[in-house]
Amino acid sequence: MLELLGVADELPDEDFYACPCCLVAYPRAAVEVGLLTIEDVPPKSVGGRPLLLTCKSCNNTAGSDFDSHAATRADSDAFMRGQVTGRELSATVYIDGIPLRGVAQRTESGVQIFGVPKKNDPKVEAAHFEALNAYADSGDDQPNFSFTVHTRFDEVRARVSWIRAAYLAAFAALGWGYILREVMDPFRDQLKQPDVNILQTYFLRSPGASPDERRIILVERPRELRCVAVVLGEHTIFLPGLFEPLPYDELVEALARRRQSGDRLSIQLDGKAVPWPTRATYFMD
């Protein structure tokens, strides 16, 4: 149900726009004063582009509650896969078990690690470089060397970030007629309550996919998986379908039944493609 900002009982004669996340409606002037803001889908930190408007509160809250976790997870995955991103991650390098705390970065020539003086005890730092120099002087090409990359993120919140991005992409493509159905209420409830586990977060990941891939598929077969599949790079998020939509928990259970050993999911989805929105098109409205 739409909630009109500042109006209790009736809609104004002027145009208004409701944030698709919280359903609070704003007059046109809300854009000029910054109450409605441009939203990147997916988040800009993971390669998204401007697509539609959400309210400033929902946009900012999602950045801290969900999107920061997705970005950190993506940075960690890219580092472990050997991809050059230009991003630095907190790291600790060890020589003979003596730590040096700093940052690590993937480059075309390999991994570069830099110590950060303020993160280290000067005596421990000196011992680390003494051990490193000793190996260099000895000519030993197999030093007792290791390093650890430190990333902190919440896996569930990272996944909800991708679900939120898929929800917004589907809204931009399909419109109010899609998201205002009762079956979509749990998505908005999850965004409002990040500390409550409302949505299960099972979806398909294809690490080899192009990060720029963007698709929306109205899945017709297999019938038990009829849904709206939103492809965002390596992530495919399954949302309730257009017709006879399954509740999200039933859709997740149907996906889980197809899960193979090692948590792998391999399925063939058949259906109709919806053009990826470069702006809000609201196909169903």
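Two aromatic rings, from Phe, Tyr or Trp, make a pair if their centres lie within 6.5 Å. Keep that in mind for the close-ups below, which come from a predicted model.

**Figure 1. Here's the whole chain before we zoom in on its rings.** The chain has seven helices and 14 strands. Its C-alpha trace spans about 80 × 45 × 30 Å along the principal axes. Of the 285 residues, 43% are buried. Take the contacts between residues at least 6 apart in sequence: 60% of them join residues at least 24 apart. On the outside, the chain exposes about 15700 Å², with carbon and sulfur atoms supplying 50% of that. There are 31 positive and 40 negative charges, and their mean positions are 3 Å apart. As for aromatic pairs, a search of the whole structure turns up six.

**Figure 2. Phe79 and Phe147 make one of these pairs.** How do the two rings meet? Their centres are 6.4 Å apart and their planes are at 80°; planes over 60 degrees apart count as edge-to-face, so that's what this pair is. Phe79 belongs to helix 2 (residues 56-80) and Phe147 to strand 9 (residues 145-150), so the pair ties together parts that are 68 residues apart in sequence. Is Phe79 buried or exposed? With a relative accessibility of 5%, Phe79 counts as buried, because the cut-off for buried is under 20%. Phe147 comes out at 31%, so it counts as partly exposed.

**Figure 3. Phe171 and Trp176 bring another two rings together.** Here the ring centres sit 4.8 Å apart. The planes are at 70°, so this pair is edge-to-face too. Both Phe171 and Trp176 are buried.

**Figure 4. Back to Phe79, this time with its other neighbours.** Which residues join Phe79 in an aromatic cluster? They are Phe145 and Phe147, and the three form one cluster. Phe79 also has a charged partner: Arg106 lies over the face of its ring, 4.7 Å from the ring centre. That puts Phe79 in three of the details shown here: the edge-to-face pair with Phe147, the aromatic cluster and the spot under Arg106.

**Figure 5. Arg159 sits over a ring as well.** Which ring does the charged end of Arg159 cover? It's the ring of Phe203, and the charged end is 5.2 Å from the ring's centre.

How values were computed: Residues are numbered from 1 along each chain as its sequence is written. This is a predicted model: local features need pLDDT of at least 70, side-chain atom pairs count only at pLDDT 80 or more; totals for chains, interfaces and linings use all residues. Side-chain values use heavy atoms; hydrogens and water are left out. Helices (H or I, at least four residues) and strands (E, at least two) are DSSP runs, numbered from the N terminus. Buried means under 20% relative accessible area, exposed over 50%, partly exposed in between (1.4 Å probe, protein chains only). Contact means heavy atoms within 4.5 Å. Accessible areas come from the Shrake-Rupley method with a 1.4 Å probe; for residues, only the protein chains shown count as cover. Lys and Arg count as positive and Asp and Glu as negative; His and the chain ends are not counted. The place of a charge is taken as NZ of Lys, CZ of Arg, CG of Asp or CD of Glu. Rings of Phe, Tyr and Trp (its six-membered ring) pair if their centres lie within 6.5 Å; planes under 30 degrees apart count as stacked, over 60 as edge-to-face and the rest as tilted. A charge sits over a ring if NZ of Lys or CZ of Arg is within 6 Å of the ring centre and within 35 degrees of the ring normal.
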